[in-house]
Amino acid sequence: MSAKNVTLKVENLNKNYGSVVALSNVSFEILKGEVVALVGDNGAGKSTLVKCVAGSVFPSSGSIYLDGEKVNFHTPGQARDAGIETVYQQLALVDTFNISENLFLGKEVKRTGLSRLFGILDRKEMRRQALQAIQEFNATFPDVNATVETMSGGQRQIVAMTRGAFWGKSLLLLDEPTAALGVQESKSVLEVIERFRSQNQMSLLIISHNLEHVWQVCDRILVLRGGNLVANLVKKDVTKSDVVSHITGAYSK
Amino acid sequence: MKNFRVTGIQARLLVLIALVVMFSLTTPYFFGVSNLTNIIVNASVVGVIACPMTLLLVARQIDISVGSAVALSAAVFVVMSEKQSLIIGLVSGLAAALFVSALNVAAIVYLRVESIIVTLAGLIAFRGLAKVVLDGRSVTINGWDYIGEHRINAFGLLKVPVPVVIFMVMLLIFYFIMRATKYGSNMYAIGANPESARLSGIKLEVQVAKAFALMGLAVFIATTMTVSMTGIASPTSGQNLEFLALTAVILGGVGLGGGRGNVLGTCLAVLILAVVDNALVLRGVQSFWQEVARGSLLMLAVIFDQLSRKRDKTVRMGI
Ligand SMILES: Nc1ncnc2c1ncn2[C@@H]1O[C@H](COP(=O)(O)OP(=O)(O)OP(=O)(O)O)[C@@H](O)[C@H]1O
Ligand SMILES: [Mg+2]
């Protein structure tokens, strides 16, 4: 296992909100192409960990390395530029924008030549690339030009995930991708994750409360409890009830 | 959304045409080239301010200090050009307008105070400052009547007053910015879902600061127009401007929620307000009642905004 294969390395990460310790000395690695699940009870620090890696929250101390290089993200834009994409729990979509406008939010394609000086949008090109991305992930939408406010929860989730997969180069972070969804919609979201995985390019870190769901797609499981990383388990070596006992703190060796 | 936008514009156009037809039939002297031209000329200053005001409200910001900013810029412009020269006056007037927007940006973007509070303070303070500069009197200017007096020959067909030309150019520029550029698109995103915009890497502070800078330029342009059309700077220069521009933006379909609407709607609303104002004057309605009418129009605009937003929501839940 050479260092070359490590996509993300987190070292002694700490995050305090005032006197609340959200993360305490968290260290782990994610290998290239690996799908890792991040589980833990409410308030265990999962979202905080993802936000630190995504640049929307700045850690109190500790280091983060991406593809072997130390990174210090002060804004979400910097993390995106480095190749980390995040699908937030609240999705971070603009309701009044359509799929292609959301896909290119903050990274709009400008026309070339003199028009570039004025920052003129190339809507045609963005639409073309958006349609291609949708096809690539086998996603289907009744109307690709509709604004996302008219879409179902599952469709919105898939728009956000398509955006993450479209821009992500090294790492895709998914915060509760199936939490708000029904059975059928969860199934199609898991299928999309499975497709990411088979392409084997990006590493994935998936937060979930639903062990059943992550079990279908992950290679490894990280367990957070009270801000501490209490277990780092390879899926094929453990059972679901092992993981549950780690989450609740009932596990003893 | 696209269809809705178009019908919104069409609805406002119909209202404008209906009002013009109605007043033409019922109000003497209303229908005629000189009066109709007059209406548009009087609407131009409001229109110039209403364009950047549209951009601000789209991004959930507001500037109610513009009327006072015009007063300050006009005072500095006229006093300096009487004391020194026209050029120095113009440069000083521009500096005053940009000074106001720099203060607004500093308080809103860096100290993170709500823009309505910051610009409310400005509304009071800058007019006070204008009175200090003018020593409480009106000051006349010489040699600055071009904008107010001249007309530009359009295709040899009609002669368009300069203020109207300036208004139309502003309208085109802002239509282009908001419709075609990355900046415009990001401003809509900021208004619709600020947190989503931030998480996607858009720098909210920078974008909002740019909009206030554009407002500073518009304030200066409006100042040169007002001074040229009235020939003076006075403690009441630019009075009610913020109110009129705001009413137009809300009536024009942007609303207080942000993230929607455009300058075409605003432009039609500016004309609707100017037509109503003119008809009230021609019919000899007492000026107190004119004020009541203006206030009621703003109220009406806000109510329409609420209703249209509710309708949007029911549609969303229905699907
Ligand atoms: N912005 C904040 N300010 C103060 N405390 C915070 C903030 N964000 C999170 N916390 C606290 O940090 C701890 C970890 O929160 P976090 O959201 O990371 O948990 P989580 O594992 O994602 O929980 P959940 O499963 O409920 O989403 C909690 O105690 C929470 O109250
Ligand atoms: Mg969470």
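Two strands count as paired here if DSSP finds at least two bridges between them. With that in hand, the predicted model can be read strand by strand, starting with β6 of chain A. This strand spans residues 84-87 and runs parallel to β7(A), residues 171-175, with 4 bridges between the two. One of the residues involved is E85(A), whose bridge partner in β7(A) is L172(A). As for side chains, I84(A) and T86(A) head off one way from β6(A), while E85(A) and V87(A) go the other way. The burial is not one-sided, since these four residues are all buried. That back-and-forth pattern is no surprise, because side chains in a regular strand alternate between the two faces of the sheet.

Strand β3 of chain A, residues 35-40, tells a similar story with more partners to talk about. On one side it pairs with β8(A), residues 203-207, in the parallel sense over 4 bridges; within that pairing, L38(A) sits opposite I207(A). β3(A) also pairs with β9(A), residues 220-225, again in the parallel sense, this time over 5 bridges. Here G40(A) has L224(A) as its bridge partner. V35(A), A37(A) and V39(A) point one way from the strand, and V36(A), L38(A) and G40(A) point the other way. Every one of them is buried. With 6 of its 6 residues buried, β3(A) is therefore largely enclosed by the rest of the structure.

Next comes the ligand site. Which residues surround ligand 1? The shell is made up of Y17(A), V20(A), A22(A), D41(A), N42(A), G43(A), A44(A), G45(A), K46(A), S47(A), T48(A) and H209(A). By type, that comes to 4 nonpolar, 6 polar and 2 charged residues. Several polar atoms come up against ligand oxygens. From the side chain of T48(A), an N or O atom is 2.5 Å from an oxygen of ligand 1, and for the side chain of S47(A) the corresponding distance is 2.8 Å. A44(A) joins in through its backbone, with an N or O atom 3.2 Å from a ligand oxygen. On its own, ligand 1 has 630 Å² of accessible area, and the protein covers 61% of it. In terms of secondary structure, the elements giving two or more residues to the shell are β2 (20-31) and α1 (46-54) of chain A. The largest share, 3 residues, comes from α1(A).

Then there are the cysteines. How many disulfides does the structure hold over all chains? The count is 0. C51(B) shows how this plays out: the closest cysteine sulfur belongs to C267(B) and is 7.4 Å away, so the pair is too far apart for a bond, given that a disulfide needs the two sulfurs within 2.5 Å. C51(B) also counts as buried because its relative accessibility is 2%, below the 20% cut-off. In chain A, C52(A) is likewise buried, at a relative accessible area of 1%.

One last local detail comes from chain B, where S92(B) lies in helix α4, residues 86-110. Is S92(B) buried or exposed? Its relative accessibility is 17%, so it counts as buried. Its side chain has a polar atom 2.6 Å from the backbone oxygen of I88(B).

Definitions and conventions. Residues are numbered from 1 along each chain as its sequence is written. Chains are lettered from A and ligands numbered from 1 in the order in which they are written. This is a predicted model: local features need pLDDT of at least 70, side-chain atom pairs count only at pLDDT 80 or more; totals for chains, interfaces and linings use all residues. Side-chain values use heavy atoms; hydrogens and water are left out. Buried means under 20% relative accessible area, exposed over 50%, partly exposed in between (1.4 Å probe, protein chains only). A residue is near a molecule or strand if one of its heavy atoms lies within 4 Å of it. A polar contact is a pair of N or O atoms within 3.5 Å; within protein, one must be able to donate a hydrogen and the other to accept it, and residues adjacent in sequence count only if both atoms are side-chain atoms. Accessible areas come from the Shrake-Rupley method with a 1.4 Å probe; for residues, only the protein chains shown count as cover. Ala, Val, Leu, Ile, Met, Phe, Trp, Tyr, Cys and Pro count as nonpolar, Asp, Glu, Lys and Arg as charged, and the others, Gly among them, as polar.
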